[in-house]
Amino acid sequence: MEIEVIESDKNRLKFKIKGETHTFCKILERELWNDKSTKVAGYKIEYSLENEPIFLLETDSKAPKKILLDATERLKKEFKELETKLIKSIK
């Protein structure tokens, strides 16, 4: 996965996530909304064949890059817990 920042300022971050689809983007979008400083969090895929979602994240107080990094850390933890539970249930 590669992230390309399109626009960045104090309370706004617009970026592309190369190589991802709705599956990952919906999970990330949901997690971004879990931060109380998030005012806008969403994405669009303009052309289904292009497959490069464009995210927009706007905040009221926190730096949007901080919110994005925090969200990805929470998702990593959640996925690790899921992996552990799956491994235990398979054994």
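Here, Lys and Arg count as positive and Asp and Glu as negative, while His and the chain ends are left out of the tally. With that settled, let's look around this predicted model. The protein chain carries 20 positive and 18 negative charges, and the mean positions of the two groups are 5 Å apart.

**The overall picture**

The protein chain is built from two helices and four strands. Follow the sequence from start to end and you meet them in the order β-β-α-β-β-α. Along its principal axes, the C-alpha trace spans about 50 × 35 × 15 Å. The accessible surface comes to about 6300 Å², and 55% of that belongs to carbon and sulfur atoms. Of the 91 residues, 33% count as buried. What about contacts between residues at least 6 apart in sequence? In 51% of them, the partners are at least 24 apart.

**How the strands pair up**

Start with S1 and S2, which run antiparallel and are joined by seven bridges. A hairpin of two residues takes the chain from S1 to S2. Across this pair, valine 5 stands opposite phenylalanine 15 of S2, and aspartate 9 stands opposite arginine 12 of S2.

S2 has another partner too: S2 and S4 pair in the antiparallel sense, over five bridges. Here arginine 12 turns up again, standing opposite glutamate 58 in S4. As a general point, the side chains of a regular strand alternate between the two faces of the sheet.

**Helix H2**

How far apart are the end C-alpha atoms of helix H2? They are 39 Å apart, and that agrees with the span you would expect, because 27 residues (64–90) at 1.5 Å a residue should also give 39 Å.

Several residues of H2 are buried: Pro64, Ile67, Leu68, Asp70, Ala71 and Leu75. What do the buried residues of H2 pack against? Their partners are strand S1 (2–9), strand S2 (12–18), helix H1 (22–32), strand S3 (38–44) and strand S4 (54–59). It helps to know that an α-helix has 3.6 residues a turn, so residues three or four places apart point the same way.

**Two lysines to find in the structure**

Lysine 62 sits in the loop between S4 and H2, whereas lysine 85 is part of helix H2 itself. Is lysine 85 buried or exposed? Lysine 85 is exposed, because its relative accessible area is 59% and the cut-off for exposed is over 50%. Lysine 62 has a relative accessible area of 30%, so it counts as partly exposed.

Which residues does lysine 62 touch, leaving aside its neighbours within four places in sequence? Lysine 62 is in contact with Lys10, Asp35, Ser37, Ile67 and Asp70. Two of these names, Ile67 and Asp70, also appear among the buried residues of H2.

You can also check each lysine against a residue elsewhere in the chain, C-alpha to C-alpha:

| Pair | Apart in sequence | Apart in space |
|---|---|---|
| Lysine 62 and threonine 23 | 39 residues | 26 Å |
| Lysine 85 and glutamate 46 | 39 residues | 36 Å |

Conventions: Residues are numbered from 1 along each chain as its sequence is written. This is a predicted model: local features need pLDDT of at least 70, side-chain atom pairs count only at pLDDT 80 or more; totals for chains, interfaces and linings use all residues. Side-chain values use heavy atoms; hydrogens and water are left out. Buried means under 20% relative accessible area, exposed over 50%, partly exposed in between (1.4 Å probe, protein chains only). Contact means heavy atoms within 4.5 Å. Accessible areas come from the Shrake-Rupley method with a 1.4 Å probe; for residues, only the protein chains shown count as cover. The place of a charge is taken as NZ of Lys, CZ of Arg, CG of Asp or CD of Glu. The expected span of a helix is 1.5 Å times one less than its number of residues. Two strands pair if DSSP finds at least two bridges between them.
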